[in-house]
Amino acid sequence: MEAVARILQSLVPAAWMAAAAAYLLVFRRQDAGADRWCRRLAFAAAGLHALLFLAVGLAGRPMVASAAGVLSSMGLAVASVHLVLEGRIGTRAIGVFPVLVAVAFSVGSDAADMLRIPQADLPRWSTGAHVLGAVLAYSGLLLAALYGTLFLLQRRALRSRRFGLLFDRLPSLELLDQFSWRSLVAAVACLTVTIAMGHVVGRTPGLAFDYGDPKIMFTNLLWLGALLLATSRGFGWLRPATSAVCAVALFVLAIGNMLVVDMFSRVHPVL
């Protein structure tokens, strides 16, 4: 099974690159053939990606035991969520951006090697579910920031009256705002479940942790910020542009939480 996983690990980045190339043709030229095939290629890449996860698991390598597994999971989550949203609006115009994110994460995961034997013992199912929830939450924050950035670019084009390629291809400001907000709501929901599970598991004998741990405190603050932002935007207390800027800022803080705060944590060491 490890040999199959190795083959799939090599094929997945290539599959996402093929889908990204088709989406790029749609974005730049509105190519009819690429428009027909880009979504199919993305679903094929997602299918291969899911098979990779299955093969890695059957080979005895838990996905949550390595940074490579987390990167790969985020790439699949970001692309899959966008494919669902894309199906609802019926346009392939901005699919190149999340699919390129999937390309970057899959290439990074391939370089880090998901099949590396972990030094730690195999995590229990609760740990796997906890990390999966975190991956989905961070993927939601990434998408919220991505759509927020596109919103700001489109808004700038409108205000400066520079109607170039980006303006022609991007959806309306209202739609980009809705995408960003809904991605943020999904992130809050996943982060809520993840934090709740972490607190429950943390009470297990032998797994108790200090609530003053930097990772615990910062993650709780990140959740509170995301909740306040999603609620404020949902009730219209914040303007869309302000919400977009805050979504980007939240994702930057989330990256800092993973890359910097982890180094000072005793319960969430860097993978």
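# A guided tour of a nine-helix chain

The aromatic rings open this tour, and 3 aromatic pairs are counted in the structure. Select Phe-235 and Trp-237 to see one such pair: the ring centres lie 5.0 Å apart and the planes meet at 15°, so this pair is stacked. A pair of aromatic rings is described in general by the distance of the centres and the angle of the planes. The angle decides the label here, because planes under 30 degrees apart count as stacked. Please note that the model on the screen is predicted.

Keep the two residues selected and display the surface. Are Phe-235 and Trp-237 buried or exposed? Phe-235 has a relative accessible area of 62% and is exposed. Trp-237 is exposed as well, with a relative accessible area of 60%. Both labels follow because exposed means over 50% relative accessible area.

Next, show the whole protein chain as a cartoon. The protein chain holds 9 helices and 0 strands, and its pattern along the sequence reads α-α-α-α-α-α-α-α-α. Of the 271 residues in the protein chain, 44% are buried. With the surface turned on, about 13800 Å² is accessible, and carbon and sulfur atoms account for 67% of that area. Contacts may also be considered: among those between residues at least 6 apart in sequence, 78% join residues at least 24 apart.

Now move to the loop between α1 (2-29) and α2, and select Gln-30, which is found there. What is the value of phi at Gln-30? The angle is near 55°, a positive value in a residue other than glycine. Gln-30 has 54% relative accessibility and therefore counts as exposed.

Select Trp-37 and Arg-40 next. The charged end of Arg-40 sits over the ring of Trp-37, at 5.1 Å from the centre of that ring. Turning the view until the ring of Trp-37 faces the reader places the charged end of Arg-40 over the ring.

For the last stop, select Met-1, Val-4, Leu-51, Leu-54 and Leu-58. Together these residues make a nonpolar surface patch of about 480 Å². Which helix gives the largest share of the nonpolar patch? Helix α2 (residues 32-58) does, with 3 residues. Leu-54, one of the residues in the patch, has its place in helix α2. Colouring helix α2 separately will show the largest share of the patch.

Note on methods:
Residues numbered from 1 in each chain as written. Predicted model: local features only at pLDDT ≥ 70, side-chain atom pairs only at ≥ 80, totals over all residues. Heavy atoms only, no water. Patch = residues over 30% accessible without salt bridge, like charges linked within 9 Å, V, L, I, M, F, W, Y side chains within 5 Å. Areas by Shrake-Rupley, 256 points an atom, 1.4 Å probe, with all protein chains shown as cover. Salt bridge = Lys/Arg side-chain N within 4 Å of Asp/Glu carboxyl O. Helix = DSSP H or I, 4+ residues; strand = E, 2+ residues; numbered from the N terminus. Phe/Tyr/Trp six-rings, centres within 6.5 Å; stacked < 30°, edge-to-face > 60°. Buried < 20%, exposed > 50% of the residue type's maximum accessible area, 1.4 Å probe, protein only. Lys NZ or Arg CZ within 6 Å of the ring centre and 35° of its normal. Contact = heavy atoms within 4.5 Å.
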